[in-house]
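Reader: I would like to learn how to read side-chain contacts in a model like this one. Could you take me through them step by step?

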Amino acid sequence: LPDIDATFHCDRLEDKVRVVRDNRGVPHIEAKNGRDAYFAYGFTLAQDRLFQMELQRRLAKGELAEILGPSVLRIDKMFRTVMLRHTAEKYLRNEDKIDPEALELLDAFLAGVNFFIATQPLQAEFALLGVRPEKFTRTDCVAFIGYMAYNFDSFGIRTDALFSTIKREAPHLDTGELFREYSLE
């Protein structure tokens, strides 16, 4: 388990940052600027969820089979076909169209994640699989955002069209009975 009570020193920080965890283990970050706050966020997220982050980045980029074996090749092929990595790389090539502050904060977040990878013991899952995570990149983050959009849209694609059609054609029906998990609220 990560040492959540330790003091860490990093030249990347501009000022002191304090991370206090509540009784549920949720980190609360106190920082004097956004860059330091995002760095601490990346570090604490890696403390808590680095293996999950590794799986999610590999899922979005179609690289799960590299660590989980051929049984997940079908999933990798699907996500490579969806081209989330390619789209992320294309998006990031147009850096002049991206808010510079957003990129600065993303880089601070990534520096925090990568500082954890470089300096801290990794979760047991990495040892069990014999894997060491590579540094996280902008492309990893943007590809995962694409995965999240894809995941939300796939639910919406399955329900939105039918829900909208029924609502329009039969407004007297109680669509809440037909779509219990779907709400306009």
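Author: Happily; we will go through salt bridges, then aromatic rings, then a surface patch. Keep in mind that this is a predicted model.

Reader: Let's begin with charges. How many salt bridges are there?

Author: The general idea is to look for a side-chain nitrogen of Lys or Arg within 4 Å of a carboxyl oxygen of Asp or Glu. By this rule the count here is 13 salt bridges. One of them joins R35 and E14, at 2.6 Å from N to O. That pair links distant parts of the chain, with R35 in helix α1 and E14 in the segment before β1, 21 residues apart.

Reader: Is E14 buried or exposed?

Author: E14 counts as exposed because its relative accessibility is 51%, and the cut-off for exposed is over 50%. Its partner R35 has 29%, so R35 counts as partly exposed.

Reader: Which residue meets K32 in a salt bridge?

Author: That is D15, at 3.9 Å from N to O. Here too distant parts of the chain are linked: K32 sits in the loop between β2 and α1, while D15 belongs to the segment before β1, 17 residues away. K32 is exposed at 67% relative accessible area, and D15 is partly exposed at 33%.

Reader: What about a salt bridge inside a helix? Where do R57 and E54 lie?

Author: Both are in helix α1, three residues apart, which is about one turn of the helix. Their side chains meet in a salt bridge of 2.6 Å, N to O. For burial, the cut-off is under 20% relative accessible area. R57 has 6%, so R57 counts as buried, and E54 is buried as well, at 2%.

Reader: Which residues are linked with R57 and E54 in a network of salt bridges?

Author: The network also takes in R58, K61, E66 and D140. R57 has a further contact to look at: R57 lies over the face of F136, 3.6 Å from the ring centre.

Reader: That brings us to rings. How many aromatic pairs does the structure hold?

Author: There are eight aromatic pairs. To read one, look at the distance between ring centres and the angle between planes: under 30 degrees is stacked, over 60 is edge-to-face and the rest are tilted. The rings of Y41 and F109 have centres 5.5 Å apart and planes at 40°, so this pair is tilted. Y41 is in helix α1 and F109 in helix α5, so the pair ties together parts 68 residues apart in sequence. F109 is buried, with 12% relative accessible area.

Reader: And why is the pair of F51 and F126 edge-to-face?

Author: Because the planes of F51 and F126 are at 85°, with ring centres 5.3 Å apart. F51 lies in helix α1 and F126 in helix α6, so this pair ties together parts that are 75 residues apart in sequence. F51 is buried at 15%, and F126 is buried at 2%.

Reader: Which residues do ring pairs link into a cluster?

Author: The cluster is made up of F8, F39, F43, F115 and F116.

Reader: Last, the surface. Which residues make the nonpolar patch?

Author: V19, I29, Y38 and Y41 make a nonpolar surface patch of about 320 Å². A residue needs over 30% relative accessible area to join a patch. Y41, which you met in the tilted pair, is partly exposed at 40%.

Conventions
Residues are numbered from 1 along each chain as its sequence is written. This is a predicted model: local features need pLDDT of at least 70, side-chain atom pairs count only at pLDDT 80 or more; totals for chains, interfaces and linings use all residues. Side-chain values use heavy atoms; hydrogens and water are left out. Patches are made of residues with over 30% relative accessible area and no salt bridge: like charges are joined within 9 Å, nonpolar side chains (Val, Leu, Ile, Met, Phe, Trp, Tyr) within 5 Å. Accessible areas come from the Shrake-Rupley method with a 1.4 Å probe; for residues, only the protein chains shown count as cover. Buried means under 20% relative accessible area, exposed over 50%, partly exposed in between (1.4 Å probe, protein chains only). Helices (H or I, at least four residues) and strands (E, at least two) are DSSP runs, numbered from the N terminus. Rings of Phe, Tyr and Trp (its six-membered ring) pair if their centres lie within 6.5 Å; planes under 30 degrees apart count as stacked, over 60 as edge-to-face and the rest as tilted. A charge sits over a ring if NZ of Lys or CZ of Arg is within 6 Å of the ring centre and within 35 degrees of the ring normal.
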